[in-house]
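Let's take a relaxed walk through one protein chain. Have a look at it first, and then we'll go through a few spots together.

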Amino acid sequence: MCGDLRPLQEGEQVVLMGWVNRRRDHGSLIFLDLRDRSGITQVVLDKELSPEAHAKAESARPEYVVACTGTVRLRDASLINPKMDTGAIEIVASEILLLNDAKTPPFSPAEDAIGNEEVRLKYRYLDLRRVEMQKNFRIRHEVARAIRNYLSDNGFLEIETPFMTRSTPEGARDYLVPSRVHAGHFYALPQSPQIFKQILMVSGFDKYFQIARCFRDEDLRADRQPEFTQIDLEMTFPQQGLIFKTVEGFLKAAFKAAGIELEPPFVQMTYDDAIRKYGIDKPDMRLPAMVELTETLTPELREKLRIEPALPVLGFIIPSVGALSGTERKKLLSEVRAGFGDCGLDLLDTERLKTSPDFAPLAGTIAELLAVGAEDLSVVVTPKLGTPPMWNYDPQWIYKRVGQLRLDLAKKYADKHGLFTQTGTAADYKFLWVTDFPMYEWDEEKKVWNAAHHPFTSPHEEDIKTGKLVNDKGAVRALAYDIVLNGTELGSGSIRIHRKDVQAEIFRSLGMSDEEAKERFGFFLDALEYGTPPHGGIALGLDRIVMILAGASSLREVIAFPKTAKAIDLMVDAPTPVSDIQLRDLHLKVNTRT
């Protein structure tokens, strides 16, 4: 392979095949940088030593496919290229074969970065030749292999579940597949193997896993694709902690495959604590938590400053920002007030805290509570009287809004001050388990309770016994958990419902009649009647894990043939219309009216 050769092979006769990465013509000497997925080797064509090979090399151009036969030679010390693994050697070619030519490409795979992503996706086969993309997919392969080996070694069986099943929407829209032999009927592509993996637990396969393809017809963004890959597993008789230990084990193996040594166990935090401290259920633990400062302000001061008494005063810091110029401070305050103008919040930055007559006496206390360093930006948010009563139906609203401001400011200064610079060590990766999610979430528009995760999640036994399922849905806690890394949700899981009576009650609590439940999930409810063991599991996004390990900004960088933000495959030009004959065979008509 082009990246394999080292000084130890000096004098050996070798054959290399690959693409011409670059060509440099110095008259009697022609240099070809020959590339395959393992790396690049410099090949020298010397007119005096091999006139025929030199003549052929004159017609070679970037992206031509060639084969070279030659001898490994050490480069002169002054010509060693330390940026290349093969930079200490070169091949003196005695023969070259031009196996295929190439049109001038729209961009060169030798480039480090290509600005136009649409061009990259249209010519994906060229884009995938780039060193960065080759690296991403080596990481993906090694990570998937490490996970598969770890789970196999720990007694899990890899079992495939169907791609074509019945539609059981889980929050996003299904991709539907019309049946040719059953007119008017449709299969659905799975959003997850959820029901099937639970049925495998009923079937006695006590440890299942699958690196599964899943499909969701939803709006796309940088960390979502319509088809994606997840690491899916399920276990019988688990305590929540056993699932955590299993996941931490295969993540340790996966990250080790990418050169990162993790040290489980990971931090755990309840959903309520995550919201109060970070304002979000997927906290980025690289940033310090929010701090409640209400008690530092006397009732008289809160009244004087017209602070809403029912809401907390919150503060936070953004580390290492340093001093802001007067222009930066004015711009920041203007942006924040513009964003908060509709919800009555006010913001005080470090300088205002020191210079405000009301806050200057408290500046030292607040700085101590926030643990402000010399180069940190401190922020205090005070909710003003007249704040819209959003908190009447969402008491945590204020934490969420201030938490979003915290993230916005961190992202604003991340590039300038290197807040999230990767150093290639375990310290870059802050894992967190978030537990005890709400069982239900309120839909203010439709005035109904929806399942916060999916309807197969078990509530806390205590909340069942105390009647909260019927009388106080907002207080019901689910035995649900998320694994979070650097503010990105890697996966979700739960202990499942294994009793038919409880499952039926959950369906009813979601406004689903017994008849509707039987129609949609009758096969599953029937299975629960035949000795279903307690079970639970989780699914993690493989694409997201690899994206983070590769330092990529989008899932499209670690999926070989991704879709655009408009769910289009630019390379194959999909989706496309189909013929009238195909539609007729599927008993379909296309309505083009909007």
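Which side chain does the side chain of D482 make a polar contact with? The partner is the side chain of S492, at 2.6 Å. Before going on, keep in mind that this is a predicted model.

## D482 and its surroundings

Let's stay with D482 for a moment. You can find D482 in strand 19, which covers residues 480-485. D482 is buried, and yet it has no salt bridge. If you go looking for the nearest side chain of opposite charge, you end up at K282, 8.4 Å away. A salt bridge would need the two charged groups within 4 Å.

So who does sit around D482? Setting aside neighbours within four places in sequence, D482 is in contact with L432, W433, V434, F437, H453, E489, G491, S492 and G493. Notice that S492, the polar partner from above, turns up in that list.

## H453 and the other UniProt positions

H453, one of the contacts of D482, also appears in a database record. UniProt, in an unreviewed entry, puts the feature "binding site" at E170, R216, H453 and R496. On the chain, H453 belongs to the loop between strand 18 (448-451) and helix 13 (461-465). Its relative accessibility is 23%, so H453 counts as partly exposed. Beyond its neighbours within four places in sequence, H453 touches F437, A480, D482, S492 and G493.

R216 is another of the positions in that record. It sits in a loop too, between strand 9 (207-215) and strand 10 (227-236). Is R216 buried or partly exposed? It is partly exposed, because its relative accessible area is 24%, and the buried class stops at under 20%.

## D36, another buried acid

Now jump to D36, in strand 2 (residues 29-36). D36 is buried and has no salt bridge. The nearest side chain of opposite charge belongs to R37, 7.1 Å away.

What does the side chain of D36 have for polar company? A polar contact of 2.6 Å joins it to the side chain of S38. On top of that, the backbone nitrogen of C2 lies 2.9 Å from a polar atom of the D36 side chain. C2 also shows up among the contacts of D36 outside its neighbours within four places in sequence, along with M1, G3 and M17.

## Rings that pair up

Time for some aromatic rings. The model has 14 aromatic pairs. One of them is F266 with F431, a stacked pair with 4.4 Å from centre to centre and 10° between the planes. This pair links distant parts of the chain, with the two residues 165 apart. F266 is in the loop between helix 6 (240-257) and strand 11 (267-270), while F431 is in strand 16 (residues 431-435). Both F266 and F431 are buried.

A second example is F507 with F521. Their ring centres are 5.0 Å apart and their planes are at 10°, so this pair is stacked. F507 comes from helix 15 (residues 500-509) and F521 from helix 16 (residues 514-527), 14 residues apart. F507 is buried, with a relative accessible area of 1%, and F521 counts as buried at 3%.

Finally, go back to F266 and F431. Ring pairs link these two with F255 and Y429 into a cluster.

Key. Residues numbered from 1 in each chain as written. Predicted model: local features only at pLDDT ≥ 70, side-chain atom pairs only at ≥ 80, totals over all residues. Heavy atoms only, no water. Helix = DSSP H or I, 4+ residues; strand = E, 2+ residues; numbered from the N terminus. Buried < 20%, exposed > 50% of the residue type's maximum accessible area, 1.4 Å probe, protein only. Lys, Arg positive; Asp, Glu negative; His and termini not counted. Polar contact = N/O pair within 3.5 Å; in protein donor to acceptor, adjacent residues only side chain to side chain. Contact = heavy atoms within 4.5 Å. UniProt positions renumbered as here; feature names shortened; annotations may be inferred. Phe/Tyr/Trp six-rings, centres within 6.5 Å; stacked < 30°, edge-to-face > 60°.
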